[in-house]
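This report looks at a single protein chain, moving from an enclosed space to the packing of the interior and then to individual positions in loops and helices. The structure is shown first, and the description follows.

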Amino acid sequence: MRISRRAARRAATATAMAAASALVLTACGSSGGSGGSDSASGKIEGTVKFQTWNLKANFKPYFEGLIADFEKKHPGTKIQWIDQPAENYADKISADAAGGTLPDVVNVSPDLAVPLAKAGLALDLDKAAAKYRGEYLDGAWKSHQIPGMEGTYAFPWYLNTGPMFYNKRLFKEAGLDADKPPRTYDELFDAAKDIAKKSKGRIATLGNAPAIEDFGRYGVPLMNDEGTKFTFNDPKGVELLEEYKELYDAGALDSQALTNEAEATGRKFKQQSIAMNPGSALDLEKFKKEAPSLYKNIGITPAVTNTGKDNMYVQGVMVNAQSEVKPAAVAFAHFVTNAENQMDFAHEVTVFPSTKGTLDDPFFTKEDGTDETRVRVAAAKSLKTAVNYTPVMLNDQMKTVLRNEVAKAMQGKKDPKKALDDAVAECDRLLKSAG
């Protein structure tokens with residue numbers, strides 16, 4: 001009998017979804033050799049060690065039910081569940097990889113899969129589990145592919161994205177159509193300048209400087225096909241940064257945009273000094289209680305993009321290429337991420353399945369008048385075609401490099417092209433030194 005999986009667990013998912021620091025492996029290996037076959041054929045049996053990322057404290061009933069179901073379906077198997085805290089998760093994986101103690105099935109984000117795949121420790125699912133590929137959204141499956149390497153190195157698991165909230169009143173006061181918020185960057189830039197001009201600089205439209213996802217949504221090529229060089233200093237990338245510099249100078253970008261954290265930007269949006277901001281159903285609930293005048297004027301729209309595709313945040317489930325119980329490990333990794341179990345997981349918390357067709361379920365398409373469903377439906381719609389714009393090779397150190405150079409350009413300390421050229425040069429150097 002399936003164990004009920006509707007535990008209260010919303011707060012912890014943000015931790016699990018957060019991007020990890022770059023994983024540096026000391027294990028020897030190459031993209032070619034895993035020390036084991038890519039085949040996952042054979043009898044499904046044995047003990048599978050399964051590692052998750054900061055999920056046990058809040059989601060124990062769900063995973064215990066999941067494991068019990070699998071063991072019942074496959075007599076002769078046993079799942080040994082290991083949960084690691086969020087802190088130093090990448091370091092733990094690195095140590096296990098170096099010591100030969102990496103679990104059979106591991107929860108990873110795309111950036112964590114990269115060094116494991118390069119060391120020959122991540123199973124290529126295009127070879128070992130190709131029959132399952134058609135079950136997943138194309139963008140989700142591709143999120144664990146690595147430039148310069150053939151293959152896919154983790155099953156896509158749960159996804160997330162965020163629609164944009166906008167303040168209809170502020171749009172109307174600027175003479176804009178509040179029912180037609182900007183959908184492209186050109187429309188965004190025009191609207192932002194109008195709002196700043198009409199408010200005499202009191203109202204900014206955005207609260208943050210551009211990040212790598214903005215470059216991706218703008219249509220900037222971020223990396224070469226081989227995964228050996230970053231390319232966001234492309235003329236289109238320079239153009240984006242120049243546009244943001246104009247917004248900053250015009251007061252259309254918040255004066256604290258270079259240092260704002262998400263919490264500060266959200267607070268300013270609630271105070272109605274910023275016209276647009278990404279958010280969640282939890283934010284809507286707060287607005288309703290704490291800022292009713294904002295709440296009654298809230299609009300929800302997909303994130304601005306020139307590509308027609310939103311940004312996707314994704315978690316994955318990787319299989320250890322050197323597992324001694326590979327058939328069972330692949331079967332369990334697929335079981336964790338199949339449509340039925342992902343749907344169950346989505347009922348537990350505001351995450352979204354990576355399986356095709358699941359987002360057409362009424363749970364993701366029908367509003368019931370609550371704030372939760374308003375946001376869930378909007379996000380689910382955008383995820384059907386979303387992609388993970390952040391290059392898997394871009395680690396946290398590189399993101400800091402980009403953020404610092406963008407700040408210099410916005411402050412007029414560097415020409416935008418020079419700033420991006422310098423950012424690319426330093427990121428390429430870090431990429432090369434990481435091997």
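## The enclosed cavity

In this predicted model, the largest cavity is lined by A281, T350, F352, E372, V375 and R376, and its volume comes to about 40 Å³. A search of the whole structure finds 1 cavity of 30 Å³ or more. Helix α17, which covers residues 371-383, supplies the largest share of the lining of this largest cavity, namely 3 residues.

Two of the lining residues, E372 and R376, also enter into other relationships. The charged end of R376 sits over the ring of F363, at 3.7 Å from the centre of that ring. For E372, the C-alpha atom is separated by 8.3 Å from the C-alpha atom of E285, although these positions lie 87 residues apart in the count along the chain. E285 itself belongs to helix α12 (residues 281-290), and with a relative accessible area of 37% it is partly exposed, because the buried class ends at 20% and the exposed class begins over 50%.

## The second largest pocket

The second largest pocket has a volume of about 720 Å³. Its lining is made up of 28 residues, and those that lie nearest its centre are K142, V387, N388, Y389 and P391. Helix α6 (residues 138-142) contributes the largest share of this lining, with 3 residues.

P391, one of the residues nearest the centre of this pocket, also appears among the contacts of F230, and F230 in turn leads to the nonpolar interior.

## Nonpolar cores

The largest nonpolar core has 75 residues, and V108, L116, F230 and F232 are those with the most contacts inside it. When neighbours within four places in sequence are left aside, F230 is in contact with L222, M223, P391, M393, L394, M398, V424, C427, D428 and L431. A second, separate core consists of 38 residues and includes F63, F70, L123 and F155.

Which class of accessibility do F230 and F232 fall into? F230 has a relative accessibility of 3% and therefore counts as buried, and F232 is likewise buried, with a relative accessible area of 0%.

## Aromatic pairs and charges over rings

A search of the whole structure finds 29 aromatic pairs. In one of them, the rings of Y62 and F63 have their centres 5.0 Å apart and their planes at 90°, so this pair is edge-to-face. Y62 is buried, with a relative accessible area of 1%, and F63 is also buried, at 0%. F230 and F232 form another aromatic pair, which is tilted, with 6.0 Å from centre to centre and 50° between the planes.

Y62 and F63 also belong to one aromatic cluster, in which they are joined by F50, F59, F70, W81, W157, Y158, F332, F335 and F345. A charged residue is placed against one member of this cluster: K56 lies over the face of W81, at 4.9 Å from the ring centre.

## Positions in loops

Two residues that are not glycines have a positive phi. N54, with a phi of about 60°, is placed in the loop between β1 (46-53) and α2 (56-73), and its relative accessible area of 23% makes it partly exposed. K200, with a phi of about 55°, is found in the loop between α8 (185-198) and α9 (212-218); at 78% relative accessibility, K200 counts as exposed.

S273 occupies the loop between α11 (262-270) and β6 (276-278). Why does S273 count as partly exposed? Its relative accessibility is 22%, which lies above the 20% under which a residue is called buried and does not reach the exposed class, set at over 50%. Leaving aside its neighbours within four places in sequence, S273 is in contact with R202, I203, A204 and K268. By contrast, the C-alpha atoms of S273 and A90, which are 183 residues apart along the chain, are separated by 38 Å.

Note on methods:
Residues are numbered from 1 along each chain as its sequence is written. This is a predicted model: local features need pLDDT of at least 70, side-chain atom pairs count only at pLDDT 80 or more; totals for chains, interfaces and linings use all residues. Side-chain values use heavy atoms; hydrogens and water are left out. A nonpolar core is a set of buried Ala, Val, Leu, Ile, Met, Phe, Trp, Tyr and Cys residues joined through side-chain atoms within 4.5 Å. Buried means under 20% relative accessible area, exposed over 50%, partly exposed in between (1.4 Å probe, protein chains only). Contact means heavy atoms within 4.5 Å. Rings of Phe, Tyr and Trp (its six-membered ring) pair if their centres lie within 6.5 Å; planes under 30 degrees apart count as stacked, over 60 as edge-to-face and the rest as tilted. A charge sits over a ring if NZ of Lys or CZ of Arg is within 6 Å of the ring centre and within 35 degrees of the ring normal. On a 1 Å grid over the protein atoms alone, a cavity is a set of points where a 1.4 Å probe fits but cannot get out, and a pocket is an open set with protein on both sides within 12 Å along at least five of seven lines; lining residues have an atom within 4 Å of a point. Grid points are joined across faces, edges and corners, and a volume is the space filled by probe spheres set on the points. Helices (H or I, at least four residues) and strands (E, at least two) are DSSP runs, numbered from the N terminus.
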